[in-house]
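Have a look at the model below and turn it around a few times. Then we can walk through a few of its features together.

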Amino acid sequence: MKRVAALWLMLSAGSAFAGDLTIEQAMERFEISPLVADILHAAEADCAAFDGTMTIDSHLGIVPADLDGDGGQNSWGWPDDTVINFNFIECSSGPVWFNTGGAPIHFVLDGQVAAGWIAHDWQVVRFSDFVPALILIGRHGSVCDGYGAQSCVQAVVVQEGAFLTPVHAEPLGAQ
Ligand SMILES: [Ca+2]
């Protein structure tokens, strides 16, 4: 297991392997669950509808991650959750899935449960013993009732197989 993880780090860091992957190459490079494959194939179809070819950044398009903080690994010894970041997946015919708020970022838990938001970027941080993994996603300013270029960060916690995030933030004094 450790050797495989080390190999993945080496592949990730090795410039010889940098660049863009086709969906077929991504299937060989990563342990892709059927749900992840569905998301990628749906995007590929969207791109093909515009006569485009989809390519996936080999480092940032599909990222193994530990979104629930359980430390779980898949059979390749990688973190058992997956982030699919369409900010780093391109369609040759144009910006099919981009808007001013970024592009879809899908978070897939144990290959089985997915949630996604239009966002610029993401990060997983440790929050507390009770919340070992906190997903932070950079959203369009309007989501925070601001303007587009303002910073707006949404936090998401994964617990018991569900993605939890505030629906209404309800600040004090807003009543
Ligand atoms: Ca996990």
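Here is a short tour of one sheet and of two residues in loops. Keep in mind that this is a predicted model.

Let's start with the sheet. Four strands make it up, and it is an open sheet that runs in the order 8-9-10-11. The pairing is antiparallel. Where does the sheet end on each side? Its edge strands are strand 8 (121-125) and strand 11 (162-164), and each of them pairs on one side only. If you compare neighbouring strands of this sheet, they are turned by 30 degrees against each other on average, with direction ignored.

Now zoom in on one pair. Strand 10 covers residues 152-159, and three bridges join it to strand 11 in the antiparallel sense. You can pick out Gln 159 here, which sits opposite Ala 162 in strand 11.

Next come the loops. Which residue between helix 3 (34-48) and strand 2 (54-57) is worth finding? Look for Asp 51, which lies in that loop. Asp 51 isn't a glycine, yet its phi is positive, at about 60 degrees. Asp 145 is in the loop between strand 9 (134-139) and strand 10. Asp 145 also has a positive phi in a residue other than glycine, near 65 degrees.

Are these two residues buried or exposed? The cut-off for exposed is 12 or fewer other C-beta atoms within 10 Å, and the table shows the counts.

| Residue | Other C-beta atoms within 10 Å | Status |
|---|---|---|
| Asp 51 | 10 C-beta atoms | exposed |
| Asp 145 | 10 C-beta atoms | exposed |

So Asp 51 counts as exposed because it has 10 C-beta neighbours inside 10 Å, and Asp 145 is exposed with 10 other C-beta atoms within 10 Å.

How values were computed: Residues numbered from 1 in each chain as written. Predicted model: local features only at pLDDT ≥ 70, side-chain atom pairs only at ≥ 80, totals over all residues. Pairing = 2+ DSSP bridges. Helix = DSSP H or I, 4+ residues; strand = E, 2+ residues; numbered from the N terminus. Axes fitted to C-alpha atoms, helices over the stretch in contact; angles between N-to-C directions. Buried ≥ 20, exposed ≤ 12 C-beta atoms within 10 Å, placed from the backbone.
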